[in-house]
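Me: I am new to this structure and would like to learn how its features are read. May we go through them one at a time, beginning with how strands lie against one another?
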Amino acid sequence: MVIARMVAGAGSALAMLTLSGCGMLWSCTDTTAERGEAGVRVNIVDESGRPVGVTAEVPGWRREPHPQVPADGDEIHFQIRFEGAGRGSEPAVDACAVDDKRVVLGCQTVYSAEVFGPKGPYTGDYYLAVDRPEQVAEVLLIPNDQSDHDRRTCEDDMKDGGGVHPPDIPTPEERL
């Protein structure tokens, strides 16, 4: 009789620990979302590939020295426009200068919250330094939202880390 009560009590305690999130084994997994198709105009998506309701576009770019550091030589001066931003969603995209074979020459993350504009689309311009600016054929955007995610991994934090992470920013020599 006493043994039966102890077994029943242990089962209840184990069930309470499991329901409260305190289990013996953590099932923390890290995954990286698949990189979306780069383009001059993209519909931004979250880590699950669902649209966030914001479009980003590179309406133009040119090669020229940055006005504050002209001695550094040419950089890629590009414009970016976000449509749909400012309504609770402030996504970010990776902007990459690529050659005619879509090989990355340089990238940087652009946050819609940093782009200023009137009540219409948010527009702004940026300078991107690349090693071989004369080889740039276009500036492409990666549609994966880079703004609102927890970069903690299972290795960093077994309890709160893990989950789906956006792809890393492309590196030079990678093909988009």
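Reply: Certainly. Please keep in mind that this is a predicted model. A good starting point is a pair of facing residues: Glu64 stands opposite Glu75 in strand 4. Another such pair is Gly60, which stands opposite Gln79 in strand 4.

Me: Which strands pair here, in what sense, and over how many bridges?

Reply: Strand 3, covering residues 51-65, pairs with strand 4, covering residues 74-83. The sense of this pairing is antiparallel, and nine bridges connect the two strands.

Me: Over how many bridges do strand 2 and strand 3 pair?

Reply: Strand 2 and strand 3 are joined over four bridges, in the antiparallel sense. Within this pairing, Val42 stands opposite Ala56 in strand 3. The two strands form a hairpin with five residues between them, and in that hairpin Gly49 takes a positive phi near 85 degrees.

Me: In what order do the strands of the sheet lie?

Reply: The sheet is open and holds four strands in the order 2-3-4-7, with antiparallel pairing. Its edge strands are strand 2 (41-45) and strand 7 (122-128), each of which pairs on one side only. From one strand to the next, the twist averages 30 degrees.

Me: A positive phi was mentioned for a glycine. How should I read a positive phi in other residues?

Reply: The general idea is that most residues other than glycine have a negative phi. A positive value in such a residue therefore departs from what most of them show. In this structure, Arg102 is a case in point: its phi is positive, about 65 degrees, although Arg102 is not a glycine.

Me: Where is Arg102 placed, and what is its relative accessible area?

Reply: Arg102 lies in the loop between strand 5 (92-98) and strand 6 (104-111). Its relative accessible area is 22%, so Arg102 is partly exposed. The reasoning rests on the cut-offs: buried means under 20%, exposed means over 50%, and partly exposed lies in between.

Me: What is the phi of Glu173, and is Glu173 buried or exposed?

Reply: Glu173, a residue other than glycine, has a positive phi near 85 degrees. Glu173 is found in the segment after strand 9 (163-165). Because its relative accessibility is 53%, Glu173 counts as exposed.

Key:
Residues numbered from 1 in each chain as written. Predicted model: local features only at pLDDT ≥ 70, side-chain atom pairs only at ≥ 80, totals over all residues. Heavy atoms only, no water. Buried < 20%, exposed > 50% of the residue type's maximum accessible area, 1.4 Å probe, protein only. Pairing = 2+ DSSP bridges. Axes fitted to C-alpha atoms, helices over the stretch in contact; angles between N-to-C directions.
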